Every structure is written in C-alpha cells, then in structure tokens.
Amino acid sequence: LVISVIVLSALILSGLRGAALYIESHPEKVEALLERSAGLKTRFNKIDVEISPLFPALYLQDVAIINESGTEALLKLDQAKIELNVWRSLIQGQPIIKAFKLQGISAIFRRDPEGRFFIGDLSLSERQTGKSDELNFSKGFLYFLAQPEIQITQSEFYIVDQLNEIPTMLFNDINIKLQNQHNRHQITAEVTLNNTDTRVDFRLDFSGKMQQIKKWDGSIFAQVEYLRDETFLHLLGEDVLQVENFKVTDFNLNTQVWAHISQGSLHNIRGDLRLRDTSLFREDEDDVLLIDELSTHIKIERGLSNEQEPAQSDDWNFDLNNILCEIGARELSLSRINIQYSAANECTECGVTPAAEPAKPQLLIYIDSLDFSKTAPFVHFFSPVEFHEQLYRVIKPRGQMKDSYAVLSLESLDMPINIVDYQLQTSLHQIGLNAINKIPEIRNFSADVQINPQSG
C-alpha cells in the first residue's frame with residue numbers, strides 16, 4: 001500500500017510538472033478556464049505555477065477583470081493565487097478550486113438608494129439593468145463568494161451607503177478570510193479606518209445565502225481600538241458632539257461588542273467600552289473637564305415598545321453597568337445608567353410625562369445611585385459659576401441620590417442638541433448640608449423631589 005501511494009504521488013508530481021510547463025507557456029488556457037467557470041474575462045501579465053501533490057497553485061500577477069469588449073478594466077488587483085484541490089479534481093474530472101487568495105485590491109463598494117449593491121458601477125444584486133458586463137460580473141462575484149476559502153490582503157475598499165446615508169468610509173490595510181461550508185459562512189477581518197490609528201477586528205459566523213443579507217442568522221464580534229473623536233464624528237456625519245453648551249473635544253475609545261444576528265438584524269448587543277483622555281468643553285464658561293478614563297459594560301436594544309404603543313424604528317435603549325470614572329486622583333463609580341430615546345412621549349420605567357408637545361422626541365435618563373461626596377468635579381464643571389462658588393463649595397453636600405430620572409424633550413438628535421422641556425425626579429437619602437447665611441446645618445435629610453420648568 002505504501003509503495004502504491006509513493007508511486008501514485010510520483011505520477012501526480014510528474015503530471016503536475018508537465019502541466020505547470022504547459023500552463024506557464026499557455027496563459028490563455030487559464031483565462032479561458034476562468035471565463036468558462038466564473039463568466040469573467042481576465043487579463044494578467046505573468047503566471048507562475050507552485051507544484052504540490054495536494055494543493056498546487058497558480059500565481060497570476062497584475063490581474064484585471066475586463067469588460068465584454070476587452071477595452072476597459074472593471075477591477076484590478078496586484079496578485080491572485082488560485083489553489084487547486086488535486087484529489088477532488090481527479091475524482092470529478094475538472095479543476096476544483098480550494099482557495100482564492102487575492103492581494104492588492106482597490107475598489108468602491110456601494111449600496112444605492114434602492115438597496116442594490118455595486119462594485120464601482122457594476123451591480124452585484126439580483127435586480128440587474130440587463131447590461132452584459134453587469135450580468136457577467138454579478139455571476140462571477142457569486143461564483144467567487146461560493147468558493148471554500150477566500151483571502152484578501154493588503155487591499156483597500158471605499159464603502160458608500162446611499163440607502164442609509166452613512167458617510168463614506170475607507171477601509172485600508174485589509175486582511176479578510178472567508179470560509180464556506182455548505183450553508184455556513186465564517187468571516188474574519190482586520191482593517192484600518194480612514195488611514196488613521198483606528199483598527200477594527202471583526203468576526204462573523206452565520207448561516208444563510210451569502211447574497212441575501214436579510215436572511216442571515218448567526219453571531220458577530222467586533223473590537224475597535226484607538227477610535228478618536230474625528231473618526232467617530234465622520235461615522236456619525238456630524239461636525240460636533242454637543243448638548244447645549246457642553247461639547248466633547250477629544251477622546252480615545254476602545255470597545256469590544258458581541259451580538260446575535262436574526263434575519264439580517266442585530267439583536268442583544270453587549271460589550272465593554274473604555275474611554276481615555278476625554279475632554280469636555282463648556283462654551284459659556286470657557287472651562288474644560290479632563291476625564292482620564294471611563295469604563296463600563298454596555299447593552300443596546302433597538303425598536304422599543306410597550307403594550308400600548310408599537311415600537312418605533314428609531315427608538316433605542318442604551319444600558320451602562322459597572323461604570324468607573326477617573327478624574328485625576330478622584331474616582332466616581334455608578335452601578336447603572338440607562339438611556340432611552342423614544343418618539344413616544346412617555347417614560348415606561350418611571351411613569352413621568354413632561355408637559356411637551358407629543359411630536360417632540362424624548363431622551364430618558366435613569367441613574368440608580370449617586371454619592372454627592374464624589375461628584376465635586378462634575379458639579380464644578382456643569383453648574384453655573386455663582387452656584388458652585390457661592391453655594392456648593394460652602395454647603396458641601398453629603399448623602400445619596402437614588403432612582404433618579406431625567407425626561408428631556410428635544411428638538412431632534414441633530415448636533416448640537418437643544419432641550420425644549422424637562423422633568424427631573426429623584427429620591428434623596430441621608431443628605432447633609434453645612435450651614436450658610438441664616439440656613440442652619442442639615443443632617444440625615446431624606447425626601448422625594450420633582451423638578452420641572454412649570455413648577456420650579
């Protein structure tokens with residue numbers, strides 16, 4: 001048996017050497033094979049053959065996918081390595097590809113306002129315009145995606161989404177690996193955003209047809225490192241992160257996120273978030289608050305609803321847990337902050353309804369507990385100067401606020417955000433205040449408090 005295997009391997013190697021010499025001398029045969037298999041016309045400057053008894057490979061240099069007439073390059077790449085599965089090829093009597101490994105692609109991926117996908121001006125969707133170049137390219141793209149393994153390295157993609165009006169993004173230094181096994185697909189990707197220090201590590205494991213995103217089911221993991229404020233603002237399509245007179249002027253974000261995919265939509269988004277070297281600027285007082293580090297666990301849900309109101313597509317719920325904030329030598333820790341954005345004019349958790357027009361969107365903020373003795377830097381920054389200098393520093397409040405709600409009615413979420421109405425509710429526990437003027441010292445005071453512009 002061993003001798004038979006050795007003899008068979010020698011015969012295969014001998015055949016491969018002969019085939020290699022033939023292929024290198026007749027590159028048009030490879031071009032014809034690609035056109036017959038994938039429906040794509042290709043041109044390349046050079047071809048080399050790597051001989052292996054299991055997975056021999058073709059190296060194509062300076063590759064171009066060209067149009068039907070052969071006059072225009074539709075897509076270019078520096079190198080394509082095509083690995084063949086020898087045994088399966090022998091059994092099936094035709095070349096069977098094991099892997100495509102592509103290097104040096106520069107392309108524009110676009111989704112138009114109707115939801116169709118394109119590379120450049122060539123449609124990848126099932127709805128075609130009827131042009132022969134589009135039909136052939138779409139067929140070739142689907143053939144490419146159906147291969148057992150695909151790798152893309154040292155490439156850059158421009159991503160343009162005209163349907164959701166997301167700002168154009170450049171993904172460069174791309175390293176992608178796609179593995180297909182029947183109806184299961186696994187994608188790993190490492191990319192750099194917009195030629196910055198921001199790195200994204202992306203893992204996707206799902207089942208469903210590759211070209212039908214709305215039918216994907218699976219899981220996703222993403223890690224973002226060194227996301228700075230300018231890149232984040234570009235992603236949001238905003239010039240500034242600002243609420244009233246307070247705006248974020250600098251930050252460095254690192255995060256890890258896990259989520260489930262059901263029918264192409266993200267669900268149960270959870271992760272960890274860490275902000276470093278964050279600067280908050282107050283315009284009316286020309287003051288800056290520097291936060292060394294802010295870390296928390298996050299949970300995000302979309303499309304909130306209750307029994308009386310249907311879910312709004314733009315509604316969302318943002319949960320922050322185990323929050324730790326460091327400002328110099330001071331630390332502020334919170335168990336939970338919950339933020340909801342809703343078009344419905346009701347806070348389902350607190351039951352507070354502000355006196356605002358129903359059409360106004362709302363931002364609902366809940367803080368479970370806050371210790372006054374640790375909030376001095378925040379009070380100094382966010383309160384009026386007179387309040388802090390003449391009152392807060394003198395009375396030095398102690399104790400806790402628990403179950404605090406802020407219901408803010410907004411013009412919109414467009415920056416800078418303007419608050420048109422508000423209502424605050426909190427429970428004070430064991431509050432202590434120093435004496436000031438004719439007001440005596442207060443100890444161990446507890447009460448429930450509500451504040452709004454109408455009642456004071």
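Arg 111 stands opposite Asp 161 in strand β9, and this pair is a convenient place to enter what is a predicted model, in which local features need pLDDT of at least 70, side-chain atom pairs count only at pLDDT 80 or more, and totals for chains, interfaces and linings use all residues. Residues are numbered from 1 along each chain as its sequence is written, and side-chain values use heavy atoms, with hydrogens and water left out.

Strand β6 (residues 106-111) pairs with strand β9 (residues 149-161) in the parallel sense over six bridges. Strands here, like helices, are DSSP runs numbered from the N terminus, a strand (E) having at least two residues and a helix (H or I) at least four, and two strands are said to pair if DSSP finds at least two bridges between them. β6 also pairs with strand β7 (residues 117-119), in this case in the antiparallel sense and over three bridges, with Ile 119 of β7 as the bridge partner of Phe 109. The two strands β6 and β7 form a hairpin with five residues between them, and in its turn Gly 115 has a positive phi of about 90°.

A second hairpin is made by β16 and β17, with four residues between them, and Asp 286 in the turn has a positive phi of about 50°. Strand β16 (residues 265-282) and strand β17 (residues 287-302) run antiparallel and are joined by 13 bridges, and Arg 276 stands opposite Glu 293 in β17. On following β17 further, one finds that it pairs with β18 as well, again in the antiparallel sense, over nine bridges, and that Cys 325 in β18 is the bridge partner of Leu 294.

Strand β18 (residues 316-327) also contains Asn 322, whose phi is near 55°, a positive value in a residue other than glycine. Asn 322 is exposed, because its relative accessible area is 52%, where exposed means over 50%, buried under 20% and partly exposed in between, with a 1.4 Å probe and protein chains only. His 182 is another residue other than glycine with a positive phi, near 60°; its place is in the loop between β10 (166-181) and β11 (184-193), and with a relative accessible area of 78% His 182 is exposed.

Helix α2 (residues 27-38) can be checked against its expected span, which is 1.5 Å times one less than its number of residues: its 12 residues should span 16 Å, and the end C-alpha atoms are 17 Å apart, which agrees. The buried residues of α2 are Val 30, Glu 31, Leu 34 and Ala 38. They cover an arc of only 100° around the axis, which puts them on the same side of α2, the arc being that of the directions from the helix axis to the C-beta atoms. An α-helix has 3.6 residues a turn, so residues three or four places apart point the same way. After α2 comes Gly 39, whose phi is positive, near 75°.

On the surface, Val 243, Ile 419, Tyr 422, Leu 424 and Ile 451 form a nonpolar patch with about 340 Å² of accessible area together. Such a patch is made of residues with over 30% relative accessible area and no salt bridge, its nonpolar side chains (Val, Leu, Ile, Met, Phe, Trp, Tyr) being joined within 5 Å, whereas like charges are joined within 9 Å; a salt bridge is a side-chain nitrogen of Lys or Arg within 4 Å of a carboxyl oxygen of Asp or Glu. Accessible areas come from the Shrake-Rupley method with a 1.4 Å probe, and for residues only the protein chains shown count as cover. Strand β22 (residues 419-433) gives the most to the patch, with three residues. Tyr 422 is found in β22 and is partly exposed, with a relative accessible area of 31%.
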